[in-house]
Amino acid sequence: MQIHDLIGVGFGPSNIALAIALDEKRHQGQFVDALFIEKQPGFVWHKNMLLDNAHMQISFIKDLATLRNPSSRFTFLNYLHEKQRLQDFVNLKTFFPSRHEFNDYLGWAAAQFEDRCAYGEAVFEVVPEMRGTEVQMLRVRSRDAVGAVRERLARNLVVSVGGMPNVPTRFQPFQDDARVFHSSGYLAAIARHPKAERIAIVGAGQSAAEIFMDLQSHPNKPEVDLIMRARSIKPSDDSPFVNEIFNADFTDFVFNRSGPERTELLEEFWHTNYAAPDLELIQQIFNVFYRQRVAGVARHAFLRRHEISTVRATPDGIHLSLHDLNTNQRRNKAYDAVILATGYRRDSHKTLLNPLASYLGDFTVDRNYRLQGTPELKSGIFLQGACEMSHGLSDTLLSVTAIRSDEIGQALLNTQPRTTQTYAAGRSPYVATVL
Ligand SMILES: Cc1cc2nc3c(=O)[nH]c(=O)nc-3n(C[C@H](O)[C@H](O)[C@H](O)COP(=O)(O)OP(=O)(O)OC[C@H]3O[C@@H](n4cnc5c(N)ncnc54)[C@H](O)[C@@H]3O)c2cc1C
């Protein structure tokens, strides 16, 4: 069985950026034999949230490569150039391409690593490969769409699996009910309810706001209630001094603080990323409610300061018992569909790595995103997108992707001088070790 220097779990932006960074290192004569495993059948970026009017919430300059290497061939600008849209894009006068276009850019970059990615396989566990008392390697087990299990060996692992839908406790018993679904599955799920007339959206963030506006153009013209505990929808603050927290050097600043200081920083800037839609979107939503007041038809409701105390499913709808925290009144409302725009969890690496838990302690990472293990653990295990508590709010976003992938790539090369081969640029990058 071939042993890879590195297996990357997931092939979203984080690991595509890593593939690019490693490709650049290969051209500098440093080779890491990397294979990525992606559960989707092909690349697509948050496919069920590729809404018609959605655009990026970050400058295209924070693409997969530019901040590390503006002359990389994997920049968004080079993508535009190759697609012959560079001049037209200039005339758009925006830093924020549509999400559709950025998805196309990411897919264009991913396609250049087709030979290094196994699509259609979900990694379900990583087990230690022992030599005596030492974990010398990692056995990565994945399952394809028909249930067949595959195993591969790696000296190092990078887990970049993104977020998993966060489903509030009250809704967990209804996960098999097609009328209750998370925003991450929105487009596919709403297509299964073309006749839904009463829809609830739970949440106050960007996804909730985008879905509310998307439903405005739904042919069925549903009544949509926006339900949130917050007093108001607050905009994300992307003003320049605040935005500095997403600069790459801020990662060092956060990492070098004490635990309580990091928590304080996260709390202070939490609203830059969470429960904070774009101002423009908030204005559009306000306009919808204003126009319905002019028309005198209360089609949609803005249920702020509302808590959902119970959920019940019957053939005629999903019944929510709503507690108005302002007036302390309670009422029940039935919906044909309930959309949970309730964010994402970032802990699924712990499930994948559970067989290694005794070597990993409390899953602390070092500055280069490497999990700190016991001395027996010889393999490097790195995390992308799950280090917000130690590295700051940029960790789950695209902000530092180009820089972080280089830091991890360099750490990989430093970690494995014996097994990661160096060869003269232009010569064959063949590295095969037989177990
Ligand atoms: C709707 C939406 C819009 C966003 N817009 C922006 C934005 O404009 N700007 C910004 O900075 N950030 C945005 N984000 C944040 C987002 O996290 C990052 O943009 C980016 O997707 C992070 O890349 P990633 O590769 O770490 O994670 P992901 O993009 O989530 O990719 C993870 C990949 O791993 C795969 N995977 C998961 N589990 C397994 C497994 N067990 N085995 C194999 N493969 C697996 C998934 O299929 C997926 O392809 C947005 C997030 C969402 C949900």
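Me: What is the mean pLDDT of the protein chain?
Reply: This is a predicted model. Of the chain's residues, 95% reach a pLDDT of 70 or more. The mean over the protein chain is 94.

Me: Over which residues does pLDDT stay under 50?
Reply: The model does have 33 contacts beyond four places in sequence for this stretch. Where pLDDT is low, the predicted coordinates should not be read in detail. The stretch with pLDDT under 50 is residues 417-435.

Me: Which residues come nearest to the ligand?
Reply: The ligand has 28 residues around it. By type, 14 are nonpolar, nine polar and five charged. Those that come nearest are Ser14, Glu38, Trp45, Gln57 and Leu398.

Me: Which element gives the largest share of the shell around the ligand?
Reply: At least two shell residues come from each of α1 (13-27), β2 (34-38) and β4 (121-131). The largest share is three residues. The element that supplies them is β4.

Me: How far is a polar side-chain atom of His46 from an oxygen atom of the ligand?
Reply: A polar contact is a pair of N or O atoms within 3.5 Å. The His46 pair involves a polar side-chain atom and a ligand oxygen. Their separation is 3.1 Å.

Me: What share of the ligand's exposed area does the protein bury?
Reply: Backbone atoms also approach the ligand. An N or O atom of the Val123 backbone lies 2.9 Å from a ligand nitrogen, and a polar backbone atom of Thr396 is 2.9 Å from a ligand oxygen. Taken alone, the ligand exposes 980 Å². Of that, the protein buries 90%.

Terms used:
Residues are numbered from 1 along each chain as its sequence is written. This is a predicted model: local features need pLDDT of at least 70, side-chain atom pairs count only at pLDDT 80 or more; totals for chains, interfaces and linings use all residues. Side-chain values use heavy atoms; hydrogens and water are left out. A residue is near a molecule or strand if one of its heavy atoms lies within 4 Å of it. A polar contact is a pair of N or O atoms within 3.5 Å; within protein, one must be able to donate a hydrogen and the other to accept it, and residues adjacent in sequence count only if both atoms are side-chain atoms. Accessible areas come from the Shrake-Rupley method with a 1.4 Å probe; for residues, only the protein chains shown count as cover. Helices (H or I, at least four residues) and strands (E, at least two) are DSSP runs, numbered from the N terminus. Ala, Val, Leu, Ile, Met, Phe, Trp, Tyr, Cys and Pro count as nonpolar, Asp, Glu, Lys and Arg as charged, and the others, Gly among them, as polar. pLDDT is the predictor's confidence in each residue, from 0 to 100. Contact means heavy atoms within 4.5 Å.
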